[in-house]
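Me: I would like to go through this model step by step, with each answer reasoned out before its result is given. Please show the structure.

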Amino acid sequence: MLRWRRRIQPQGAEECVGRTISNATMGLVMAGEQIFNAAASAKQGSDTIFGWWARYQNAKASGKDAVNGTIGALLEDDGSLAINKVVDAAVRAAPELEISAYAPLPGLPAFLDLSKTLALGECRGPLEEAGFHFASTATPGGSGALYLAANNLLERGQTVMLRDRHWGPYKGFLVNNGLSFRTWPLLSSQTNTEHPYFARSEFEGVLGELCKEQDKVMVWLNDPAHNPTGLSMTTNGRAALFDSFVSSALRNENVGHTLLIDAAYALYADEPHGWADTILDAVEDGAPWPSNLVVCISVSLSKSHTIYGLRTGALVSIHPEQEITDRINTVMAVTGRQTWSAAPRIAQYCVSEMHSTEEGGAAWEEERDRLRTLLVERRAALKTACSAKGIPLNPTMDGFFAWLESDDPVALAEACAEKEVYLVPLDGGVRIGLCALALSDVEKVVDALSYALS
Ligand SMILES: Cc1ncc(COP(=O)(O)O)c(C=O)c1O
């Protein structure tokens with residue numbers, strides 16, 4: 001909502017927050033126009049997801065049997081926030097000092113170590129043995145990690161590559177750092193049985209163009225368990241993308257190449273460390289690693305450890321030269337210092353303590369598996385019911401969401417809302433928040449989609 005202050009002036013002019021202007025220009029000037037810079041003026045508060053969530057809540061409050069498929073937090077079947085009880089217990093046991101003190105600017109050493117394992121899983125050791133070095137900086141959530149990448153790895157005015165379906169806030173991180181983006185399709189228009197979920201020729205087309213225009217290129221890829229579709233790339237798809245990117249770095253040795261894997265939902269996926277597997281496979285197959293190539297993994301503990309509000313994550317980077325990973329550590333820690341100071345300490349401490357023992361790690365995993373089962377069952381039920389009713393759901397494998405492509409997502413979501421099913425219309429389709437639905441709601445969602453499509 002834009003906020004206006006209108007007051008009729010004696011001469012027919014109107015006042016718009018401290019400035020008298022003519023009626024003709026009135027419609028173009030926003031509250032605070034004299035205070036905010038141009039970038040701030042472009043920021044508007046109407047978040048689609050929260051808007052549709054509010055509609056669900058209003059329907060519920062007015063006594064309707066409404067279904068919530070809106071928000072991006074994992075809920076139990078009774079609608080309460082799903083909490084990993086082992087993490088919760090670890091946080092509650094935190095000593096005073098770990099709650100109150102600053103963390104070191106780059107992050108607590110034990111947490112930085114853990115973040116590398118969370119990012120790379122069992123491939124960490126073999127990659128180390130193969131001569132790779134890792135950088136890591138603790139950040140306020142995965143969002144902080146994305147900010148660090150946007151702030152440091154391209155020049156202002158340059159363009160990042162995203163898939164055409166992507167998490168909406170990416171745009172804000174990029175625009176606030178003077179960057180724009182160009183997209184390639186999530187799904188290829190040509191059938192490709194070898195890697196059905198990687199549109200290679202379109203990817204290479206955009207990458208080739210950017211390599212001609214820029215001295216640095218960066219790809220952001222939210223995989224596995226993509227938000228908003230739940231898509232996870234296959235082993236072949238990952239290998240093909242990595243091969244394209246490495247080849248581009250070799251061909252364009254004066255162009256810096258960053259592949260950023262946004263792993264926000266990875267620890268709920270079937271192959272949580274698929275990207276580390278792909279990189280290790282390529283290295284073991286003797287693929288060269290040009291020095292103008294870096295892979296970054298944006299780690300978020302918000303979902304994996306159900307500590308959304310404790311704002312904990314990390315940017316982990318991989319490169320064979322230690323001089324480069326040392327430099328990444330410095331640059332990212334200084335950027336954090338200049339932006340949010342240090343990331344919060346408490347979860348860095350508690351989570352690394354918890355994972356430091358075998359029992360702690362196993363107990364977390366058991367809880368994570370319990371939560372993951374909620375998603376697996378809801379997704380399986382949705383897929384079965386959609387295919388029985390001929391609803392063309394997008395490929396969806398892992399994580400919090402499923403997706404239905406649509407040329408008119410708002411009309412589709414509005415039609416579902418007529419049946420008291422609340423989903424989120426986004427660019428190109430409707431997001432179905434499996435994370436928020438109860439298993440028993442799935443049938444109702446599919447009936448609403450079927451009604452909407454008819
Ligand atoms: C795709 C994606 N990336 C990153 C994030 C960052 O999450 P956080 O900053 O809470 O760790 C989210 C959160 O919703 C997300 O959906």
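Me: Which element gives the most to the shell around the ligand?

Reply: This is a predicted model, and its ligand is surrounded by 14 residues. The elements that give two or more residues to the shell are α8 (141–152) and α13 (301–304). With 4 residues, the element that gives the most is α8.

Me: How do the residues of the shell divide into nonpolar, polar and charged?

Reply: Among the residues around the ligand, Ser-143, Asp-262, Tyr-265, Ser-300 and Lys-303 come nearest. Taken by class, the residues of the shell divide into 4 nonpolar, 7 polar and 3 charged.

Me: Which ligand atom lies 2.6 Å from a polar side-chain atom of Asp-262?

Reply: Two other side chains place a polar atom by an oxygen atom of the ligand: for Asn-227 the distance is 2.9 Å, and for Ser-300 the distance is 2.6 Å. A polar contact requires a pair of N or O atoms within 3.5 Å. For Asp-262, at 2.6 Å, the ligand atom is a nitrogen.

Me: How much of the ligand's exposed area does the protein bury?

Reply: The space that the ligand takes is the largest pocket. The ligand taken alone exposes 390 Å², and the part of this area that the protein buries is 91%.

Me: How far apart in sequence are the parts that the pair of Tyr-147 and Trp-340 ties together?

Reply: The ring centres of Tyr-147 and Trp-340 are 5.9 Å apart and the planes stand at 65°, so the pair is edge-to-face; the count of aromatic pairs comes to 14. Because Tyr-147 lies in helix α8 and Trp-340 in the loop between α14 (322–339) and α15 (346–355), the pair ties together parts whose separation in sequence is 193 residues.

Me: Where does Pro-228 lie, given that the peptide bond from Asn-227 to Pro-228 is cis?

Reply: Most peptide bonds are trans, whereas the bond from Asn-227 to Pro-228 is cis, with omega near 25°. A cis peptide bond also joins Asp-223 and Pro-224, with omega about -5°, and Pro-224 lies in the loop between β7 (216–222) and α11 (235–251). The place of Pro-228 is likewise the loop between β7 and α11.

Me: What is the phi of Thr-306?

Reply: Most residues other than glycine have a negative phi. Thr-306, in the loop between α13 and β10 (313–319), has instead a positive phi, near 45°.

Conventions: Residues numbered from 1 in each chain as written. Predicted model: local features only at pLDDT ≥ 70, side-chain atom pairs only at ≥ 80, totals over all residues. Heavy atoms only, no water. Near = heavy atom within 4 Å. Polar contact = N/O pair within 3.5 Å; in protein donor to acceptor, adjacent residues only side chain to side chain. Areas by Shrake-Rupley, 256 points an atom, 1.4 Å probe, with all protein chains shown as cover. 1 Å grid on protein atoms, 1.4 Å probe; cavity = no way out; pocket = protein on both sides within 12 Å on 5 of 7 lines; lining within 4 Å. Sits in = over half its atoms within 2 Å of the grid points. Nonpolar A, V, L, I, M, F, W, Y, C, P; charged D, E, K, R; others polar. Phe/Tyr/Trp six-rings, centres within 6.5 Å; stacked < 30°, edge-to-face > 60°.
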